[in-house]
Structures are given as C-alpha cells and as structure tokens.
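Got the viewer open? Load the model, switch on a cartoon view, and keep the selection box handy for a short walk.

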Amino acid sequence: MAPESAKQQLPDDDPESYVGLAAQEAERRARERGWTTVRQLEPDAIITMEYVVGRLNQAVRDGQVVRCWSG
C-alpha cells in the first residue's frame with residue numbers, strides 16, 4: 001500500500017470574491033493568494049469532475065469572471 005501523502009491545504013480565500021473581476025486580474029490575485037493552479041473556462045464548458053486540491057476554476061465570459069469554485 002502506498003504511503004499517504006501530506007494533506008494539502010486550500011488557501012484561506014473565498015472563490016466568490018473573484019466574480020466580476022477581469023480574468024487576468026483574477027488569475028494574478030489567485031496566484032498571489034496561494035492557489036497553485038488557476039483554470040479559466042468558458043461558462044458552459046464540459047470538464048472532468050476530478051477534484052484537485054489547490055486549483056481554482058474560473059468561468060470567464062467576455063474577459064470577466066462570472067463563476068468561481070475550488071477544485
């Protein structure tokens with residue numbers, strides 16, 4: 001059996017705080033606040049459902065974040 005890896009922590013940050021920001025600004029802030037991966041998607045994009053600790057997903061329409069969630 002493989003050893004358990006150290007449990008990773010999410011940044012102490014509210015994903016909802018990115019809604020309404022310009023996509024580039026939202027990505028910059030997310031990285032500054034400790035998110036290891038920032039994924040920008042079309043609002044209705046088909047995506048896989050795997051959860052990745054430290055990843056912030058941002059749905060972007062016309063250069064602006066319209067939805068944001070961790071994982």
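Before we click on anything: exposed here means over 50% relative accessible area, and buried means under 20%. Keep in mind as well that this is a predicted model.

**Stop one: the helix.** Select residues 23-32, which is helix α1. Show side chains and pick out Ala23, Ala26 and Ala30, the buried residues of this helix. They all sit on the same side of α1, because the arc they cover around the axis is only 60°. Now swing round to the face turned away from that buried side, where you'll find the exposed residues Gln24 and Glu32. Just past the end of α1, click on Gly34: its phi is positive, at about 105°.

**Stop two: the sheet.** What do the buried residues of α1 pack against? Select 37-41, 55-61 and 64-70, and you have the answer: strands β1, β2 and β3. These strands form an open sheet in the order β1-β2-β3, and the pairing is mixed. β1 and β3 are the edge strands, each pairing on one side only. Look along the sheet and you can check the twist: neighbouring strands are turned by 25° against each other on average, ignoring direction. Next, zoom in on β2 and β3, an antiparallel pair with six bridges. One residue pair to label here is Leu56 with its bridge partner in β3, Ser70.

**Stop three: the core.** Select Tyr18, Leu21, Ala23, Ala26, Ala30, Trp35, Val38, Leu56, Val60, Val65 and Cys68, and show them as spheres. These eleven residues are the largest nonpolar core. α1, β2 and β3 each put in at least two residues, and α1 gives the most, with three. Pick Val38 from the set and list its contacts: beyond four places in sequence, Val38 touches Glu27, Ala30, Arg31, Leu56 and Gln58.

**Last stop: Ser70.** Go back to strand β3 and centre on Ser70. Is Ser70 buried or exposed? Neither, quite: its relative accessibility is 24%, so Ser70 counts as partly exposed. Leave out the neighbours within four places in sequence and Ser70 is still in contact with Leu10, Pro15, Trp35, Tyr51, Arg55, Leu56 and Asn57. To finish, draw a C-alpha to C-alpha distance from Ser70 to Glu50: you should get 11 Å, for two residues 20 apart in sequence.

Notes: Residues numbered from 1 in each chain as written. Predicted model: local features only at pLDDT ≥ 70, side-chain atom pairs only at ≥ 80, totals over all residues. Heavy atoms only, no water. Buried < 20%, exposed > 50% of the residue type's maximum accessible area, 1.4 Å probe, protein only. Helix = DSSP H or I, 4+ residues; strand = E, 2+ residues; numbered from the N terminus. Arc of directions from axis to C-beta. Contact = heavy atoms within 4.5 Å. Pairing = 2+ DSSP bridges. Axes fitted to C-alpha atoms, helices over the stretch in contact; angles between N-to-C directions. Core = buried A, V, L, I, M, F, W, Y, C linked by side-chain atoms within 4.5 Å.
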